[in-house]
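Student: I'd like a close look at one part of this model, the place where the two chains meet, and then at whatever salt bridges and odd backbone spots connect to that picture. Could you walk me through it in one go?

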Number of protein chains: 2
Amino acid sequence: MIPSMDQLKSLLAEVADLRHAGDLLEWDERVCMPDGGTAVHGEMLSTLRRIAHEKFTSKAVGDALASAQAAIADGDPQSADRRLVAVTARDYSKATNVPADYVAEHAEVVSAAQHAWAEARAESNFAKFEPHLEKVIELKRRYVTFFPSVDHPYDALLDDYEPGMKTADVQSVFAVLRPAQVELIRTLASAPPVNDAFLRVPYSEHEMSRFATDVITSFGFDWKRGRQDRSVHPFATSIGASDVRITTRWVEGQPLSLLFGAMHETGHALYEQGVSAAHHRTSLEGGVSLGVHESQSRLWENLVGRSLAFWRHFYPALQSRFPAQLGAVSLDEFYKGINKVQPSLIRVEADEATYNLHVMLRVELEIGLIEGTISVRDLPELWNARMQEYLGLTPPDFARGVLQDIHWSAGLFGYFATYTLGNLIAVQLWERFASIRPSRDEDIERGDFAPLLQWLRTALHQHGRAYEPQELIEQVCGSRLDPAPYLRYLQQKYGTMYEKN
Amino acid sequence: MIPSMDQLKSLLAEVADLRHAGDLLEWDERVCMPDGGTAVHGEMLSTLRRIAHEKFTSKAVGDALASAQAAIADGDPQSADRRLVAVTARDYSKATNVPADYVAEHAEVVSAAQHAWAEARAESNFAKFEPHLEKVIELKRRYVTFFPSVDHPYDALLDDYEPGMKTADVQSVFAVLRPAQVELIRTLASAPPVNDAFLRVPYSEHEMSRFATDVITSFGFDWKRGRQDRSVHPFATSIGASDVRITTRWVEGQPLSLLFGAMHETGHALYEQGVSAAHHRTSLEGGVSLGVHESQSRLWENLVGRSLAFWRHFYPALQSRFPAQLGAVSLDEFYKGINKVQPSLIRVEADEATYNLHVMLRVELEIGLIEGTISVRDLPELWNARMQEYLGLTPPDFARGVLQDIHWSAGLFGYFATYTLGNLIAVQLWERFASIRPSRDEDIERGDFAPLLQWLRTALHQHGRAYEPQELIEQVCGSRLDPAPYLRYLQQKYGTMYEKN
């Protein structure tokens, strides 16, 4: 129809193929690759990523984009072609703003920094990591200069993971969330202790695995367009919507970690499987942002999977798989046990009431580092002071404090915030869905997840990257990012739980 | 050292990365991919193959090759750089001789021909396949015209799978082999029947699989640089020497098919794992030809795996895994049972005494089709007449006759011969190894395969594609392709077996 659009789509399809192949290689590396394959996999991946980048940032794409923009300038701004061109133009501008030698230097610095971080964490020795982190931050500050029009330097970093999100928005949301969450966990600290001793006995990995597979099948995971494997760290990856793969892991002593991990990754997978086939091989395929992606994983893991309605349906099946461990544990005890609030040092082990505080602490420090108001040298002390302030705990060493996450060593600044954005968006969607589907909880009690998935598919998943995240949330929920629903949810959930205690 | 060599190697490394990635994608398609992934995998693979071809046939490679040739023209002709340049020049010339529109037309024609063949075979209806085969042969005859300097038109096709091999060489070898093998199976037909009833009872797939894994581990399969999976058709693939993957399958009613298949694929894998790391990411990596590759799979499957020495060591272990099936079967009975000679209609089920006759029949017909001395229309009749002449059998339908193999529909002309070349080369190597390692059979009786593998590595594997196949065989065995050792082997093996009966 419009030759320049066809030309653009054909160039984008080639780039998409290369990216898909790279994603599949990364999946293979983490799931299948024999140890000896490390070097050859590194070579393949770096060549594919480089060629994909060269092709996407080529003059050919720039020219096709300009012609397409001109050709459709008078059309409907909401047409599929207009959306595609707008998102491609944004991606193209970002990708071409960053010089190739910067990308190469970044890759080298973070490679060394990750090695140093792993050693530093093992020895709980911050000084070993400090000079590397200095370099990473210097690079990040240089990155910001490639985007001179941002309101705040941190905006340029945030935008890579959450397009259109501003530092000021995040800060104003956090300003509401932080005191309320600190207050909530202080209140809960005085509640009577929750008994979760039933989680400290041996469980069969095989049985748990089969149960988890039943659960994610009932959620709607499409096995014809996906698979499930084991890996050291659980993850989800997508080779287009028709091949979406998740992994789980078994952690000795944490019997439900496999189950909640499977639900979490299935949340990501359902999103990817739900993207419209019309977006396949274009700039619009895949999830729109890390925050919205995390909203899907958190929705299925927490709002569904840690709900009383869910366990009303599934607890008998779990009990019958584990009669020795759970036969004498009532549904109410089980529900409270898996929702126990316990401030802890480690982010990845945090519960729903404390998780955001771990994230806010990191984001605040990141913003300070990028602004230059915080120095790397002061980081450990600031970390510990804030842990005490938010969670009432002081890490006994740096390994369980400032050195616990890989993100900074990998150059992932602007990433942490998306975990909390995901939590908030999940509950915004959850409330919205209840308003149009009053039987939401009864559906779940019957083990019927089809209405929920159908709504998410229609309202959210199918659009892929066609709208900016905030625009999309506003379309679906009637308001942009908002901390109030999450706070209501926490109050309601924990208020009820501890009342009944 | 030599800038033009470095430039050439860097361009070849990029092409190798793309090919490795393509090979891994194909492995994934056959082992991991969910059904829904067919389309996206096809897109990725075709893009990777196209870019690899574009990059390899680019002017940049042509220029670097010419500069490198000039720069090293006065050096040692056996130097690594000279070998690399020579092999790259051969590959480059072949790849650039074939026009891109021919490649595209070929891909289309064989895609349609394969569908037609599958239907035709299912209905045993040759007429349905006939027009497609006509087109394929027309294309093959056109292909030959891109190589005007060949002695015989079929040389151009053979050379793609067995570089440097001539139709005349194959024909003169077959002229010796054919009558001798026909004669041998006539003689064996009058021998008393062999009892292999113990293979017609149920076996446990799991136990057989564990036994096969023990066997290939003892052969020397390096699990740090490889893995094993299940697939519909067994195969071996290599993502460079440090990541070599094999697959096996369980066929109900053929309990040893998994075991011999695993040995066969391990033969291919040991070759790939043995290629020198110095050849990695160059034109010299991987096996030198299909024939030499098949010599390795046949050596481990037949010369080792179907030998009495091998089973003297392994039979007690197999018996202890299958006491009900094999407890009362003596080693001698077992050995004869697994080496039973039985002319049959289907190539892939043929034994060591009859296999080459299936191959020779096909190669003779192929040569006639390419020369134009045989027409497609006459093929079914010629096939049946020759089956009667060579094996004393007439197929009851085309599905078990001329339509049984996928090769012709896929455009693989010149390929079949390499199965027989592999058989012959395997025994040439086997005799040669005995002459320098007189304890060859005693090693095997002790389950010690290290001397054999070590010799194959040093003599053959490490060189990758550095020498032409015939050159390499002559270096190692002291003579070029020779049917005499294979005939001696058959006479000796079956003479002894049937004498003792």
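**The A/B interface and its charged pairs**

Tutor: Let's start with a charged cluster: Glu14(A), Lys55(A), Arg50(B) and Glu54(B) are linked in a network of salt bridges. Bear in mind that this is a predicted model. One link in the cluster is the pair Glu14(A) and Arg50(B), whose side chains form a salt bridge with N and O 3.0 Å apart. In general terms, side chains of opposite charge can pair when their charged atoms come close.

Zooming out a little, the count of salt bridges between chain A and chain B is 6. Polar contacts between the chains come to 18 residue pairs, with both residues at pLDDT 80 or more. Which elements of chain A supply at least two residues each to the side that touches chain B? They are α1 (3–31), α2 (38–56) and β1 (226–230). Of these, α1(A) brings the largest share, 10 residues. Sorted by character, the chain A side has 15 nonpolar, 8 polar and 13 charged residues.

Now for the extent of the interface. Its size is often given as the accessible area lost when the parts come together. Here about 2700 Å² is buried between chain A and chain B, and carbon and sulfur atoms account for 61% of that. In residue terms, 36 residues of chain A are in contact with 36 residues of chain B. The copies meet through the same surface, because 100% of the interface residues of chain A are also interface residues in chain B.

How are the two chains related in space? Chain A superposes on chain B after a rotation of 180° with 0.0 Å of shift along the axis, at an RMSD of 0.0 Å. That's the relation of a two-fold axis. If you want a landmark in chain A, go to Ala21(A): its C-alpha is the one nearest the axis, 3.7 Å away.

Next, the salt bridges within single chains. Over all chains, the structure holds 91 salt bridges. In one of them, Asp17(A) pairs with Arg281(A), and their closest N and O atoms are 2.6 Å apart. Asp17(A) sits in helix α1 of chain A, while Arg281(A) is in the loop between α10 (257–274) and α11 (290–304), so the pair ties together parts that are 264 residues apart in sequence. The two ends are not equally accessible: Asp17(A) is buried, at a relative accessible area of 0%, whereas Arg281(A) is partly exposed at 23%.

Stay with Arg281(A) for a moment, since its backbone deserves a look too. Most residues other than glycine have a negative phi. Arg281(A), however, has a positive phi of about 65° although it is not a glycine.

Two further salt bridges are worth a click. Asp222(A) and Arg225(A) join through their side chains at 2.8 Å, N to O. Asp222(A) is partly exposed, with 23% relative accessibility, and Arg225(A) is partly exposed, also with 23%. Over in chain B, Arg312(B) and Glu445(B) form a salt bridge at 3.1 Å, N to O. Arg312(B) belongs to helix α12 (residues 308–321) and Glu445(B) to helix α18 (residues 440–445), so this pair ties together parts that are 133 residues apart in sequence. Both ends count as partly exposed, Arg312(B) at 43% relative accessibility and Glu445(B) at 33%.

One more arginine in chain B makes long-range contacts. Arg121(B) is in helix α5 (residues 100–123) and is partly exposed, at 35% relative accessibility. Leaving out residues up to four places away in sequence, Arg121(B) touches Ala399(B), Leu403(B) and Gln404(B). The C-alpha atoms of Arg121(B) and Leu403(B) are 5.6 Å apart in space, although these residues are 282 apart in sequence. As for Gln404(B), its backbone oxygen lies 3.1 Å from a polar atom of the Arg121(B) side chain.

Finally, there's another backbone oddity, in the loop between α5 and α6 (126–145) of chain B, where Ser124(B) is placed. Ser124(B) has a positive phi of about 55° although it is not a glycine. Ser124(B) is partly exposed, with 22% relative accessibility.

Technical notes. Residues numbered from 1 in each chain as written. Chains lettered and ligands numbered in written order. Predicted model: local features only at pLDDT ≥ 70, side-chain atom pairs only at ≥ 80, totals over all residues. Heavy atoms only, no water. Contact = heavy atoms within 4.5 Å. Buried area = accessible area lost by both parts, 1.4 Å probe. Salt bridge = Lys/Arg side-chain N within 4 Å of Asp/Glu carboxyl O. Polar contact = N/O pair within 3.5 Å; in protein donor to acceptor, adjacent residues only side chain to side chain. Helix = DSSP H or I, 4+ residues; strand = E, 2+ residues; numbered from the N terminus. Nonpolar A, V, L, I, M, F, W, Y, C, P; charged D, E, K, R; others polar. Least-squares fit on C-alpha atoms with pLDDT ≥ 70 in both. Buried < 20%, exposed > 50% of the residue type's maximum accessible area, 1.4 Å probe, protein only.
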